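Student: Please take a close look at one part of this model, the pairing of charged side chains. I would then like to see how it is placed within the fold as a whole.

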Amino acid sequence: MPSRASFAILAALLLSLPFILYSGGFGLRGLTADLSGETRFFTTPLPNVLIFGHMVAGALVTLLAPVQLLPVTRRRDPRVHRVLGYVTLSAAALTGVFGLLYIALKGTIGGPLMSAGFALYGALLLLAAANTAYHALDKDRARHRAWALRLTVLALGSFLYRLHYWVWYAATGGAGSTEAFTGPFDLFNFTGFYLPYLVLLELWLRQERT
């Protein structure tokens, strides 16, 4: 019988699936078609590859990171788990590197604070991916699991960023948010879509160890 953790993972996947499909599809279109009349992200070749490649890789890691946590994925065929792990970690690395390079080249619409918040997110994603891989190769299951959980929280970050705005606008009509992303809610959300969840995860992991 599936555990509560499995139900939670499946619920997160179902909730994030529309975002995954949209982000992946939009990224593929940006890599293969002229979207200059549709989005401000479409500019010149290098930034286009970085931002739309970031979207495709991000969609993939958002899908696969939670799947890798499901017990059935690990137990039924460890080889499939390992192969999917390589794909997941590669997608996470591309997401982080492409995002950081895009920020370095073009910045973000919200200015330096938004760029700093998103850059920290990309750096943490790379750190989590590297440690997940390292502890898997080192066969340290406890640390591998802890870093895989951190990676999954970060992988869901882009979805959570948008979910925060959806919930906030539904509840308040967008109070504290501006088109230039300079409102109090915007400033909170520059890091609010990942740092609070990482803190909660760390508290849970610490409680689990005691």
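Tutor: Arg29 has a relative accessible area of 36% and is therefore partly exposed; with a 1.4 Å probe and protein chains only, buried stands for under 20% relative accessible area, exposed for over 50%, and partly exposed for the range in between. The model is predicted: local features require pLDDT of at least 70 and side-chain atom pairs pLDDT 80 or more, whereas totals for chains, interfaces and linings use all residues. Residues are numbered from 1 along each chain as its sequence is written, and side-chain values use heavy atoms, with hydrogens and water left out.

The partner of Arg29 is Glu38: the two form a salt bridge whose closest N and O atoms are 2.7 Å apart. The term denotes a side-chain nitrogen of Lys or Arg within 4 Å of a carboxyl oxygen of Asp or Glu. Glu38, at 46% relative accessibility, is partly exposed as well. In general, side chains of opposite charge can pair when their charged atoms come close. The structure holds five salt bridges, and two others among them deserve attention.

Arg145 and Glu208 form one of these, with 3.0 Å between the closest N and O atoms. Arg145 belongs to helix α6 (residues 141-155) and Glu208 to helix α9 (residues 195-209), so this pair ties together parts that are 63 residues apart in sequence. Helices are DSSP runs of H or I with at least four residues, strands are runs of E with at least two, and both are numbered from the N terminus. Arg145 is partly exposed, with a relative accessible area of 36%, and Glu208 counts as partly exposed at 41%.

Arg150 and Glu202 also meet in a salt bridge, at 2.6 Å from N to O. This pair again links distant parts of the chain, Arg150 in helix α6 and Glu202 in helix α9, 52 residues apart. Here the exposure of the partners is split: Arg150 counts as buried at 14% relative accessibility, whereas Glu202 is partly exposed at 29%.

Over the whole protein chain there are 17 positive and 9 negative side chains, and the centres of the two sets lie 10 Å apart. Lys and Arg are counted as positive, Asp and Glu as negative, and His and the chain ends are left out; each charge is placed at NZ of Lys, CZ of Arg, CG of Asp or CD of Glu. One positively charged residue with an unusual backbone value to note is Lys139, whose phi is positive, about 60°, although it is not a glycine. Lys139 lies in the loop between α5 (112-137) and α6 and is exposed, at 72% relative accessibility.

As for the fold, the protein chain has nine helices and zero strands. Its radius of gyration is 18 Å, close to the 17 Å of the globule rule for 210 residues, so the chain is as compact as a globular protein of that length; the radius is taken over C-alpha atoms, and the rule is 2.2 Å times the number of residues to the power 0.38. Of the 210 residues, 43% count as buried. Contacts, meaning heavy atoms within 4.5 Å, also reach across the sequence: of those with a separation of 6 or more, 65% involve residues 24 or more positions apart.
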